[in-house]
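Me: Hi! I'm new to this one and would like a friendly walk through it. Could you take a look with me?
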Amino acid sequence: MAYDIQVVIDSQDPHNLADWWADALGWQVERQDEAFIRSLIERGHAGEADTAFHRGALVWKDGAAIRHPGGLRRAPRVLFQLVPEPKTTKNRVHLDLRAGAESIDAEVERLVGKGAKVLHEGRQGPTRWVTIADPEGNELCIA
């Protein structure tokens, strides 16, 4: 049986974190339909407290998603959902970004310049990777 999956990352600022990850991966932030959101508010199905403004647009406060430019058949959707608490422990699951051996350092430098933090450098035989944390502390590896 085949399953479609979505990766969900808890976040205290889902819209800004979605922007960061979309840039990191070269993906696209899903556009939210402002007219649809307003129509739900007008019909009483949602309230102003359910929304926020991000980059000048009305969005759902509780989440933002990104997609691979090639669509969902190419890679799963990643959803960033609002949670009240900050990240406090190591991730049990993380994403590995394969930049290629010759590009690891440049990619780490680029992401650190956008708010990431280097956590660890690892090596196993000829394979090298760098573990970094996104702006909210979620680990990912550049390999």
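Me: Which strands does α1 lie across?
Reply: In this predicted model, helix α1 lies across β1, β2, β5 and β6. Its direction is at about 10° to β5.

Me: And what order do those strands take in their sheet?
Reply: The order is β1-β6-β5-β2, in an open sheet of four strands with mixed pairing. At the edges are β1 (6-11) and β2, each of which pairs on one side only.

Me: What holds strands together in a sheet, generally?
Reply: Strands of a sheet pair through backbone hydrogen bonds, and the pairing can be parallel or antiparallel.

Me: OK, how many bridges are there between β5 and β6?
Reply: Four, and the pairing of β5 with β6 (residues 77-82) is antiparallel. Two of the partnerships can be named: G63 has Q81 as its bridge partner in β6, and A64 has F80.

Me: What about β2 and β5, how do they pair?
Reply: Also in the antiparallel sense: β2 (residues 28-29) and β5 are joined over two bridges. Look for Q28, which stands opposite R67 in β5.

Me: How many residues of β5 are buried?
Reply: Four of the five residues in β5 (residues 63-67) are buried, so this strand is mostly covered.

Me: Back to the helix. Is H15 buried or exposed?
Reply: H15, which lies in α1, counts as buried because its relative accessibility is 8%, and the cut-off for buried is under 20%.

Me: Which residues does H15 touch?
Reply: Leaving out residues up to four places away in sequence, H15 touches Q32, H54, V59, W60, K61, G63 and A64. You have met two of those names already: G63 pairs with Q81, and A64 with F80.

Me: Changing topic: how do α1 and α3 cross?
Reply: The axes of α1 (residues 14-25) and α3 (residues 104-112) come within 11 Å and cross at roughly 160°. That angle is over 145 degrees, so α1 is roughly antiparallel to α3. The crossing of α1 past α3 is right-handed.

Me: Which residues meet there?
Reply: From α1 there are W20, D23 and A24, and they meet E107, R110 and L111 of α3. Sorted by class, the contact has three nonpolar residues, three charged ones and no polar ones.

Me: Which strands does α3 lie across?
Reply: Helix α3 lies across β7, β8, β9 and β10, and its direction is at about 5° to β9.

Me: What order do those four strands have?
Reply: They form an open sheet in the order β7-β10-β9-β8, with mixed pairing. The edge strands here are β7 (95-97) and β8 (117-124), and each pairs on one side only. From one strand to the next, the twist averages 25°.

Me: How do β9 and β10 run, parallel or antiparallel?
Reply: They run antiparallel, with four bridges joining β9 (residues 127-133) to β10 (residues 139-142). One spot to find is T131, which stands opposite C141 in β10.

Me: Now for a loop. Where is R55?
Reply: R55 sits in the loop between β3 (51-54) and β4 (57-60). R55 is exposed, because its relative accessible area is 69%, and exposed means over 50%.

Me: What is phi of R55 near?
Reply: Phi of R55 is near 50°, which is a positive value in a residue other than glycine. As a general rule, most residues other than glycine have a negative phi.

Me: Let's zoom out. How many helices and strands are there in the protein chain?
Reply: The protein chain has three helices and ten strands. Read from the N terminus, the elements go β-α-β-α-β-β-β-β-β-α-β-β-β.

Me: What does the C-alpha trace span?
Reply: Along its principal axes, the C-alpha trace of the protein chain spans about 60 × 35 × 30 Å. Of the 143 residues in the chain, 35% count as buried.

Me: One last thing: what share of contacts comes from residues 24 or more positions apart?
Reply: Among contacts in the protein chain with a separation of 6 or more, 57% are between residues 24 or more positions apart.

Conventions: Residues numbered from 1 in each chain as written. Predicted model: local features only at pLDDT ≥ 70, side-chain atom pairs only at ≥ 80, totals over all residues. Heavy atoms only, no water. Axes fitted to C-alpha atoms, helices over the stretch in contact; angles between N-to-C directions. Parallel < 35°, antiparallel > 145°, perpendicular 65-115°, else oblique. Left-handed = near helix turned anticlockwise from the far one by under 90°. Contact = heavy atoms within 4.5 Å. Nonpolar A, V, L, I, M, F, W, Y, C, P; charged D, E, K, R; others polar. Pairing = 2+ DSSP bridges. Buried < 20%, exposed > 50% of the residue type's maximum accessible area, 1.4 Å probe, protein only.
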